[in-house]
Amino acid sequence: MKKLLVSTGGGDCPGLNAVIRGITKRAAQSGEWEVWGSFEAFNGVMENPPRIIKLDEQNTAGIHVIGGTMLGTTNKGNPLRFSEKQADGSVKIINKIPELVADLKRKGFDAVINIGGDGSQEISQAMHDAGMPVVGVPKTIDNDLSSTDFTFGFQTAVQIATDSFDRLVTTAASHHRVMIMEVMGRNAGWIALYTAIAGGAEICLIPEVPYDLQKVVKRIESRYANGRGFVNIVIAEGAHAKEGSVTSSKGEEGRIAVRLGGVAYTLSEQLKAAGLDADIRETVLGHTQRGGTPIAFDRVIASVFGVKAFELVLEGKFGELVVLLNNEYTSVPIKKAISAYNYVDPKGTLVQAAKGMGISFGD
Ligand code: F6P
């Protein structure tokens with residue numbers, strides 16, 4: 001039997017378990033491959049003794065409806081830029097990829113399926129370059145990976161955000177308030193844009209369109225002047241004013257990406273400082289957008305990605321990322337997929353349609 005290792009890395013996302021189940025089921029049909037899972041990305045397989053689990057149809061049964069990942073995950077300990085404490089207390093950044101690949105080969109692994117976002121796919125490419133046959137599966141609620149129409153998890157995050165938005169509308173109307181709802185997405189405004197259209201927001205602020213505070217104030221005032229007396233705003237965590245910068249917290253040890261969050265409060269303060277005479281409340285949805293069961297659409301994408309990823313292994317098509325491109329399930333070189341991000345196009349159809357419905361982007 002050949003040995004396949006499956007890993008889930010980076011932030012979790014609804015649909016990861018469905019991918020794992022898809023891979024395992026298809027591999028069982030092949031009759032030629034054993035599937036193993038490494039706990040917490042590649043950390044598990046590198047530990048001594050390794051923390052890995054043999055995946056089969058019994059221990060993956062029914063997991064496609066469960067959020068999170070049965071393998072656990074981490075966005076620390078990136079093997080490409082691993083922080084290693086030195087004897088003198090200093091920290092040295094080292095590339096552990098050659099060590100990881102040599103270790104996997106020693107343990108008898110013939111191939112790897114790496115399920116993760118942009119950072120994880122950078123690791124996939126480096127492993128592939130170092131001689132490990134790897135197939136990538138794109139995941140992230142942010143939908144910011146290029147070369148795929150959608151990443152799984154995104155639609156679930158939008159549904160969660162829209163359900164929350166709907167609840168905020170009725171309380172905003174009752175109290176004549178300005179409700180600011182912050183959603184995730186890093187530097188991409190997809191979750192905010194979809195939620196604003198689905199929920200019917202008055203204002204949608206996204207990183208791709210830095211906002212003019214005075215225009216946001218004017219828009220809110222006009223809603224009050226029209227006697228409607230309440231405003232619902234969706235703001236993406238990476239949004240910022242034209243003259244401002246993103247709202248982020250201090251980095252954590254071992255973490256590469258800056259941690260965003262809190263822009264709802266920044267905007268609230270900006271509106272008060274600009275003299276807006278309205279009662280403002282802020283809601284930060286945070287990790288609720290990543291939790292719980294994936295909606296049917298994401299279960300389907302994730303399951304098909306799992307099956308397709310294993311079929312790429314069978315065909316020996318390594319260094320590829322499974323994608324949904326122009327509504328077709330296919331694959332592209334990982335190198336191509338990670339060479340560019342997928343951002344909202346301010347001139348694109350969705351933003352123009354939103355503007356056509358009167359949603360202001362503060363520009
Ligand atoms: O990339 C997914 C994401 O949920 C982003 O939308 C968010 O900025 C980030 O991860 C949060 O990361 P963490 O789980 O480390 O707080």
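**Exercise 1. Is cysteine 13 buried or exposed in this predicted model, and how many disulfides are counted?**

Step 1. Start with the cut-off: a residue is called buried when its relative accessible area is under 20%.

Step 2. Cysteine 13 has a relative accessibility of 0%, so it counts as buried.

Step 3. Now take cysteine 204, which is buried because its relative accessible area is also 0%.

Step 4. Recall what a disulfide is: a covalent bond between the sulfur atoms of two cysteines. The sulfur atoms have to be within 2.5 Å to be counted. By this rule the model has 0 disulfides.

**Exercise 2. Find out which strands pair with strand E2, and in which sense.**

Step 1. Locate strand E2 at residues 33-38. Most of this strand is covered, with 5 of its 6 residues buried.

Step 2. Look at strand E1, residues 2-8: E1 and E2 run parallel and are joined by 5 bridges. Within this pairing, leucine 4 is placed opposite valine 35 of E2.

Step 3. Turn to strand E3, residues 52-55. Here the pairing with E2 is antiparallel, over 4 bridges. Valine 35 appears again, this time with leucine 55 of E3 as its bridge partner.

Step 4. Add the helix. Together, E1, helix H1 (residues 16-30) and E2 form a β-α-β unit, and this unit is right-handed.

**Exercise 3. Put the strands of the 7-stranded sheet in order and name its edges.**

Step 1. The order is E3-E2-E1-E6-E7-E14-E15; the sheet is open and its pairing is mixed.

Step 2. At the edges are E3 and strand E15 (328-333). Each has a single partner strand, so one side of each has no neighbour in the sheet.

Step 3. For the twist, neighbouring strands here are turned against each other by 30° on average, with direction ignored.

Step 4. Follow one pairing inside the sheet: E1 runs parallel to strand E6 (residues 111-116), with 5 bridges between them. Serine 7 faces asparagine 114 of E6 in this pairing.

Step 5. Finish with the helix on the sheet. Helix H9, residues 296-315, packs there and touches E1, E2, E6, E7, strand E14 (320-325) and E15. The direction of H9 makes about 140° with that of E14.

**Exercise 4. Do the same for the sheet of 4 strands.**

Step 1. This open sheet has the order E9-E10-E8-E13, and its strands pair in parallel.

Step 2. Strand E9 (203-205) and strand E13 (279-284) are the edge strands, each pairing on one side only.

Step 3. On average, neighbouring strands of this sheet are turned by 15° against each other, direction ignored.

Step 4. Check the pairing of E9 with strand E10 (residues 231-236): the two run parallel and share 3 bridges. Isoleucine 203 has isoleucine 233 of E10 as its bridge partner.

Step 5. Helix H5 (residues 154-175) packs on this sheet and touches strand E8 (177-183), E10 and E13. Its direction makes about 165° with that of E8.

**Exercise 5. Which residue does UniProt list as "active site", and what does this residue touch?**

Step 1. The unreviewed UniProt entry gives Asp142.

Step 2. Aspartate 142 sits in the loop between strand E7 (134-138) and H5. Its relative accessibility is 10%, so it counts as buried.

Step 3. Leaving out residues up to four places away in sequence, aspartate 142 touches Gly185, Arg186, Ala188, Trp190 and Ile191.

**Exercise 6. Examine two residues that UniProt places in a "binding site".**

Step 1. The unreviewed entry lists several positions, including Lys76 and Gly77.

Step 2. Lysine 76 is in the loop between E3 and strand E4 (82-85). Glycine 77 also lies in the loop between E3 and E4.

Step 3. Lysine 76 counts as partly exposed because its relative accessibility is 37%. With 22%, glycine 77 counts as partly exposed too.

**Exercise 7. Describe the surroundings of glycine 229.**

Step 1. Glycine 229 belongs to the loop between helix H7 (213-225) and E10. It is buried, because its relative accessible area is 7%.

Step 2. Apart from neighbours within four places in sequence, glycine 229 is in contact with His176, Arg177, Arg223 and Tyr224.

Step 3. Compare sequence with space: glycine 229 and leucine 276 are 47 residues apart in sequence and 13 Å apart in space, C-alpha to C-alpha.

How values were computed. Residues numbered from 1 in each chain as written. Predicted model: local features only at pLDDT ≥ 70, side-chain atom pairs only at ≥ 80, totals over all residues. Heavy atoms only, no water. Buried < 20%, exposed > 50% of the residue type's maximum accessible area, 1.4 Å probe, protein only. Pairing = 2+ DSSP bridges. Right-handed = clockwise from strand over helix to strand, strands pointing away. Axes fitted to C-alpha atoms, helices over the stretch in contact; angles between N-to-C directions. Contact = heavy atoms within 4.5 Å. UniProt positions renumbered as here; feature names shortened; annotations may be inferred.
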